[in-house]
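This report concerns the fold, the nonpolar core and the salt bridges of a single chain. The sequence and the structure are shown first.

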Amino acid sequence: MAVGHRRGSLRIDTYELGGHQVWVATDDVGVVALAGNRKELDDVLALTGG
C-alpha cells in the first residue's frame, strides 16, 4: 500500500500489474494511493481524508 497527497478530483480504478489486480486512486496530479484490494484502498483513503 502506498499513499500520496490529494490534489483535485479523486478517481478510483483497477489495473493489472505483474499479473495481479491492483486498486489505484488518482487525482489531477497523479497517484494518491495504491492497494491490493478495495478495502485496503478505502482504509488508506480514510486516513488521508479521501
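The following paragraphs treat the architecture, then the core, then the charged pairs.

The model is predicted. The chain contains one helix and four strands, arranged along the sequence as β-β-β-β-α. Of its 50 residues, 20% count as buried. The exposed surface comes to about 3400 Å², of which carbon and sulfur atoms supply 51%. Among contacts with a separation of 6 or more, 28% link residues 24 or more positions apart.

The largest nonpolar core consists of seven residues: Ala25, Val32, Ala33, Ala35, Leu41, Val44 and Leu45. At least two residues of this core come from each of strand 4 (31–35) and helix 1 (38–47).

The salt bridges number three, and they are listed below with their N to O distances.

| Basic residue | Acidic residue | N to O distance |
|---|---|---|
| Arg11 | Asp28 | 3.3 Å |
| Arg38 | Asp42 | 2.8 Å |
| Lys39 | Asp43 | 2.9 Å |

Arg11 belongs to strand 2 (residues 11–17) and Asp28 to the loop between strand 3 (20–26) and strand 4, so their salt bridge ties together parts that are 17 residues apart in sequence. Arg11 is partly exposed at 39% relative accessibility, whereas Asp28 is exposed at 55%.

The remaining pairs lie within helix 1. Arg38 and Asp42 are four residues apart there, and therefore separated by about one helical turn; the relation is likewise four residues, or about one helical turn, for Lys39 and Asp43. Arg38 is partly exposed, with a relative accessible area of 35%, and Asp42 is partly exposed at 36%. Lys39 is exposed at 56%, while Asp43 is partly exposed at 40%.

Methods
Residues numbered from 1 in each chain as written. Predicted model: local features only at pLDDT ≥ 70, side-chain atom pairs only at ≥ 80, totals over all residues. Heavy atoms only, no water. Core = buried A, V, L, I, M, F, W, Y, C linked by side-chain atoms within 4.5 Å. Buried < 20%, exposed > 50% of the residue type's maximum accessible area, 1.4 Å probe, protein only. Contact = heavy atoms within 4.5 Å. Areas by Shrake-Rupley, 256 points an atom, 1.4 Å probe, with all protein chains shown as cover. Salt bridge = Lys/Arg side-chain N within 4 Å of Asp/Glu carboxyl O.
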